[in-house]
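Welcome, and please open your viewer so that we can walk through this protein together. At each stop you will be told what to select and what to look for there.

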Amino acid sequence: MSERHVTVRLARPGEYTRIGELTVGVYTRGGLITPGSSYLHTLADAADRAAKAELLVAEVDGEIVGAVAYAPPDSPYAELAAPDEGEFRMLVVLESSRGNGVGRALVQECADRARRAGLVALRLSTQPNMRAAQRLYERMGFTRTPELDWSPVEGVTLLTYVLDLKPAEGGVRPS
C-alpha cells in the first residue's frame, strides 16, 4: 500500500465528539489506560482541549485518523513547558493508520507552531510502554529529559522528552 497524503489542521467544533471517542479508544484498546480510569473524562473532552490549547487533527482521504493537543506556553495543558516552550499532549493515531506518517505529521505541526511562535523548545510526556512513539520522537530529534520524569498519579510514571528549537540547522530532522 502506498503512503497517502496526510493533512493536519485545527479541529472543528462538530468534530470534538469524534476526536474524544478516538482518543479514548486508542488509549483503552492500546492498554495505555484502564476502562475505569478517572482520566477517561479528560481524554473524551476534546472541546476543553480545543478551548484551552490548539486541538489538531490529521486527515487522510477526508477521514480523521489522528489528533493531538498543542499547548502554547499560556495553556493550562502545558504541564512541563517553561514560559518560552511549547508542549503537546494526547497524541493519538488510529491503529489502522499507524506507520503511514500520521504521528510524524502531527508532531511536525506542533514543532512548526512552536518555531513560528519563537519558542526555544517543544516538550512532551509519554508512558514507558509507548515504545513506538518514543522511537518516532527520537528519530525526529527529541532527547530524553529523565530529570523531569514525573508521576501524575500513584503507580503511573511518565517519561519526558524535549526538542531543542534554537539551532537554525537543528530541530526536527527529516526521515
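Begin by selecting Asp61, which sits in the loop between S2 and S3. Here, helices (H or I, at least four residues) and strands (E, at least two) are DSSP runs, numbered from the N terminus. Before going further, note that this is a predicted model, in which local features need pLDDT of at least 70 and side-chain atom pairs count only at pLDDT 80 or more, while totals for chains, interfaces and linings use all residues. Residues are numbered from 1 along each chain as its sequence is written, and side-chain values use heavy atoms, with hydrogens and water left out.

**Stop 1: the turn at Asp61**

Is Asp61 buried or exposed? Its relative accessibility is 63%, so Asp61 counts as exposed. The cut-offs for relative accessible area are under 20% for buried and over 50% for exposed, with partly exposed in between (1.4 Å probe, protein chains only). Now look at the backbone: Asp61 has a positive phi of about 50°, although it is not a glycine. The hairpin of S2 and S3 has two residues between the strands.

**Stop 2: strand S2 and its neighbours**

Next, select residues 54–60, which make up strand S2. Six of the seven residues of S2 are buried, so the strand is largely enclosed by the rest of the structure. Add strand S1 (residues 7–10) to your selection: four bridges join S1 to S2, and the two run antiparallel. Strands are said to pair here if DSSP finds at least two bridges between them. To see one partnership, show Leu10 together with Leu56, its bridge partner in S2.

Then add strand S3 (residues 63–71), which is joined to S2 by seven bridges, again in an antiparallel arrangement. Along this pairing, Leu55 stands opposite Ala69 in S3. While the strands are on screen, keep a general rule in mind: in a regular strand the side chains alternate between the two faces of the sheet.

Now pick out Ala58, which is found in strand S2. With 0% relative accessibility, Ala58 counts as buried. Which residues does Ala58 touch, not counting residues up to four places away in sequence? Among them are Val6, Thr7, Val8, Ile64, Val102 and Leu106. Contact means heavy atoms within 4.5 Å.

**Stop 3: Arg113 on helix H4**

Select Arg113, which you will find in helix H4. Arg113 has 19% relative accessibility and therefore counts as buried. Beyond residues up to four places away in sequence, Arg113 touches Leu10, Glu54, Leu56 and Tyr70. You have already met Leu10 and Leu56 as bridge partners.

**Stop 4: an aromatic cluster**

Show the rings of Phe88, Tyr137, Phe142 and Tyr161, which form one aromatic cluster. A search of the whole structure finds four aromatic pairs. The rings of Phe88 and Phe142 have their centres 6.2 Å apart and their planes at 80°, so this pair is edge-to-face. Rings of Phe, Tyr and Trp (its six-membered ring) pair if their centres lie within 6.5 Å; planes under 30 degrees apart count as stacked, over 60 as edge-to-face and the rest as tilted.

This pair links distant parts of the chain, 54 residues apart: Phe88 lies in strand S4, and Phe142 in the loop between H5 and strand S6 (143–144). Phe88 is buried, with a relative accessible area of 3%. Phe142 also counts as buried, at 3% relative accessibility.

**Stop 5: Met90**

Stay in strand S4 and select Met90. What is phi of Met90 near? It is near 55°, a positive value in a residue other than glycine. At 6% relative accessibility, Met90 counts as buried.

**Stop 6: the hairpin of S7 and S8**

Select S7 and S8, which pair in the antiparallel sense over two bridges. Look for Trp150, whose bridge partner in S8 is Leu158. Two residues lie between the strands of this hairpin, where Gly155 takes a positive phi near 90°.

To finish, select Ala58 once more together with Ser151: their C-alpha atoms are separated by 29 Å, and the two are 93 residues apart along the chain.
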